[in-house]
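Biologist: Could you walk me through this model before I go back to the bench? I have some short questions and will probably jump between topics.
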Amino acid sequence: MLGIQKKRNPHFKKALNEDIRKTSLGNKEIDLTLMIDVLEHVPNPTEVLEEVKRISKFVIFKVPLEDNLLLKTWNFVRRDKPRQHLIETFGHINVYNLGKLKYQIEKHMGQVLDFYFTNVFDYYYRNSEHYKNGMKIGNKLINFVAAHVFRLSPELCSFIFNDFVMILFKCY
């Protein structure tokens, strides 16, 4: 993947294949770090946050918000099988809601400058071939309802349903 990125982005100054918990980069060497779908996979996210704070001036996180009412209820009913599925299938060993995520990042990194929810429901509801052709009726219903709840309140929607959040941080 690094080779592909270097070829597609010849202006990159540096592309590394390192453990994000301990890098060879200097203090504040990176202007902007993209942490896309990382925190939910690492055993000790605090180490990641501390290292990214050290090497970066700004960070954009994209994190799935899986600590929600729907998943908690489904886990209770199915005796933690959905949670185990997230771990075994996707490697999501950490689950977040917006409050927990913002608290953890602010505690170890700096200041939230901006955030927004991605509204995956509207995408699946309106644009996805999977929705049109292969999604089960229960999942279609969830996406339909979530897309409409999102229009009322994105934060409330993330409390009830799975979504993603994008957060821009300034590192101190």
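Modeller: Gladly, and let me begin with a term: a residue is called buried when its relative accessible area is under 20%. Please keep in mind that this is a predicted model.

Biologist: Okay, then is N119 buried or exposed?
Modeller: With a relative accessible area of 15%, N119 falls under the 20% cut-off and therefore counts as buried.

Biologist: And where is N119 placed, and what is it in contact with?
Modeller: N119 sits in the loop between β3 and α6, the helix of residues 120-127. Setting aside neighbours within four places in sequence, N119 is in contact with F150 and D163.

Biologist: Switching to the sheet, what is the strand order?
Modeller: The sheet is open and has four strands in the order β1-β2-β4-β3, with mixed pairing. Since β1 (30-36) and β3 (110-117) each have a single partner strand, they stand at the edges, and one side of each is left without a neighbour in the sheet. From one strand to the next, the twist averages 15°.

Biologist: In which sense do β1 and β2 pair?
Modeller: β1 pairs with β2, which covers residues 56-65, in the parallel sense over six bridges, and T33 stands opposite V59 in β2.

Biologist: What about the core, how many residues does the largest nonpolar one have?
Modeller: The largest nonpolar core has 29 residues, and those with the most contacts inside it are L39, F61, L101, I105, M109 and F121. Two or more residues come from each of several elements, including the helices α2 (45-55), α5 (98-108) and α8 (137-152) as well as the strand β4 (163-171).

Biologist: Pick I105, what is it in contact with?
Modeller: Leaving out neighbours within four places in sequence, I105 is in contact with L39, L49, F61, G110 and F169.

Biologist: L49 is in α2, right? Which residues of that helix are buried?
Modeller: In α2 the buried residues are P45, V48, L49, E51, V52 and I55. They cover an arc of only 170° around the axis, which puts them on the same side of α2. These buried residues of α2 pack against β1, β2, α5 and β4.

Biologist: And α4, which residues are buried there?
Modeller: In α4, which spans residues 81-90, P82, R83 and L86 are buried. Because these buried residues fall within an arc of 110° when seen down the axis, they line one face of α4. K81 and E88, on the other side of α4, are exposed, while the buried residues of α4 pack against α3 (69-77). After α4 comes G91, whose phi is positive, near 75°.

Biologist: Last topic, how many aromatic pairs are there?
Modeller: The count comes to three aromatic pairs. One of them is formed by F61 and F169, and it is edge-to-face, with 5.9 Å centre to centre and 90° between the planes. Because F61 lies in β2 and F169 in β4, this pair ties together parts that are 108 residues apart in sequence. F61 counts as buried at 1% relative accessibility, and F169 is buried with a relative accessible area of 0%.

Biologist: What about F121 and F161?
Modeller: F121 and F161 form an edge-to-face pair too, at 6.0 Å centre to centre with 65° between the planes. This pair links distant parts of the chain, with F121 in helix α6 and F161 in the loop between α9 (154-160) and β4, 40 residues apart. F121 is buried at a relative accessible area of 3%, and F161 counts as buried at 8% relative accessibility.

How values were computed: Residues numbered from 1 in each chain as written. Predicted model: local features only at pLDDT ≥ 70, side-chain atom pairs only at ≥ 80, totals over all residues. Heavy atoms only, no water. Pairing = 2+ DSSP bridges. Axes fitted to C-alpha atoms, helices over the stretch in contact; angles between N-to-C directions. Buried < 20%, exposed > 50% of the residue type's maximum accessible area, 1.4 Å probe, protein only. Contact = heavy atoms within 4.5 Å. Core = buried A, V, L, I, M, F, W, Y, C linked by side-chain atoms within 4.5 Å. Arc of directions from axis to C-beta. Phe/Tyr/Trp six-rings, centres within 6.5 Å; stacked < 30°, edge-to-face > 60°.
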